[in-house]
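Me: I am new to reading protein models and would like a close look at a single part of this one. Please take one residue, describe its place, and then work outward to the parts around it.

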Amino acid sequence: MKAKDALGAWGETLACDHLTELGCTIVDRNWRCEFGEIDIVARQGSTLIVCEVKTRSSLRHGDPVEAVSERKVRRLRRLALCWLDAHAIHAPHIRIDVIGILRRSDGQTSLRHLTGVE
């Protein structure tokens, strides 16, 4: 596994742990279809959460959450509908979240969770 892939997998696991601590139930991870991939699908009550996780080892290319553009959010909304259709599930509320994780070379880690990204 490449270092970048390992960092991403580690970040997604950390994000799942964070969401679980907030009372969410993880429903799916790394779900793919012809339109793209959803990193994490979770539920919190009647709300389906589609979560994009960005993990970086430095700020050289900016804050991890800044990597999620409006275009990416639109794609995540489309993917959420595809996921619901593929699983024949109804969710009265859908929320797009972004979790940015920074893991510096000195081992320090920070997590930033944006909820309800538009």
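**A close look at His87**

Reply: His87 has its place in helix H2. The model is a predicted one, and the values below were computed from it. His87 has a relative accessibility of 32%, so it counts as partly exposed, a class that lies between under 20% for buried and over 50% for exposed. Leaving aside neighbours within four places in sequence, His87 is in contact with Asp28 and Trp31. Thr20, in turn, is 67 residues from His87 along the chain, and the C-alpha atoms of these two residues are separated by 21 Å.

Next comes the loop that follows. Ala88 lies in the loop between H2 and E4. Its relative accessible area is 73%, which means that Ala88 is exposed. Ala88 is not a glycine, yet it has a positive phi of about 50 degrees. Asn30 is another residue with a positive phi of about 50 degrees that is not a glycine. Asn30 is found in strand E1, which covers residues 25–33. With a relative accessible area of 32%, Asn30 is partly exposed.

Back in the helix, consider Trp83. Not counting residues up to four places away in sequence, Trp83 touches Val27, Asp28, Trp31, Ile38, Val41, Leu48 and Ile89. Asp28 and Trp31 are also the contacts listed for His87.

Trp83 leads to the interior. The largest nonpolar core has 17 residues, and those touching the most other members are Ile38, Leu48, Val50 and Trp83. At least two residues of this core come from each of strand E2 (36–44), strand E3 (47–56), helix H2 (70–87) and strand E4 (93–103). Helix H2 gives the most, with 6 residues. Apart from this core lies another, of 11 residues, including Leu19, Val53, Ile99 and Ile101. In soluble globular proteins, nonpolar side chains tend to be buried together.

Two cysteines can be checked for a bond. The nearest cysteine sulfur to that of Cys33 belongs to Cys82, 4.5 Å away. A disulfide needs the sulfur atoms within 2.5 Å, so Cys33 is in no disulfide. Cys82 is in no disulfide either, its nearest cysteine sulfur being that of Cys33. A search of the whole structure finds 0 disulfides. Cys33 has 24% relative accessibility and therefore counts as partly exposed.

Charged groups and rings come next. The charged end of Arg78 sits over the ring of Phe35, at 3.7 Å from the ring centre. The charged end of Arg103 sits over the ring of Trp10, 4.3 Å from its centre. As for rings paired with rings, the structure holds 0 aromatic pairs.

Finally, the whole chain. The chain has 2 helices and 5 strands, and from the N terminus on they run α-β-β-β-α-β-β. The radius of gyration is 14 Å, close to the 13 Å that the globule rule gives for 118 residues, so the chain is as compact as a globular protein of that length. Taken along the principal axes, the C-alpha atoms fill a box of roughly 45 × 30 × 30 Å. Of the 118 residues, 37% count as buried. Among contacts with a separation of 6 or more, 55% are between residues 24 or more positions apart.

Terms used: Residues are numbered from 1 along each chain as its sequence is written. This is a predicted model: local features need pLDDT of at least 70, side-chain atom pairs count only at pLDDT 80 or more; totals for chains, interfaces and linings use all residues. Side-chain values use heavy atoms; hydrogens and water are left out. A nonpolar core is a set of buried Ala, Val, Leu, Ile, Met, Phe, Trp, Tyr and Cys residues joined through side-chain atoms within 4.5 Å. Buried means under 20% relative accessible area, exposed over 50%, partly exposed in between (1.4 Å probe, protein chains only). Helices (H or I, at least four residues) and strands (E, at least two) are DSSP runs, numbered from the N terminus. Contact means heavy atoms within 4.5 Å. Rings of Phe, Tyr and Trp (its six-membered ring) pair if their centres lie within 6.5 Å; planes under 30 degrees apart count as stacked, over 60 as edge-to-face and the rest as tilted. A charge sits over a ring if NZ of Lys or CZ of Arg is within 6 Å of the ring centre and within 35 degrees of the ring normal. The radius of gyration is taken over C-alpha atoms; the globule rule is 2.2 Å times the number of residues to the power 0.38.
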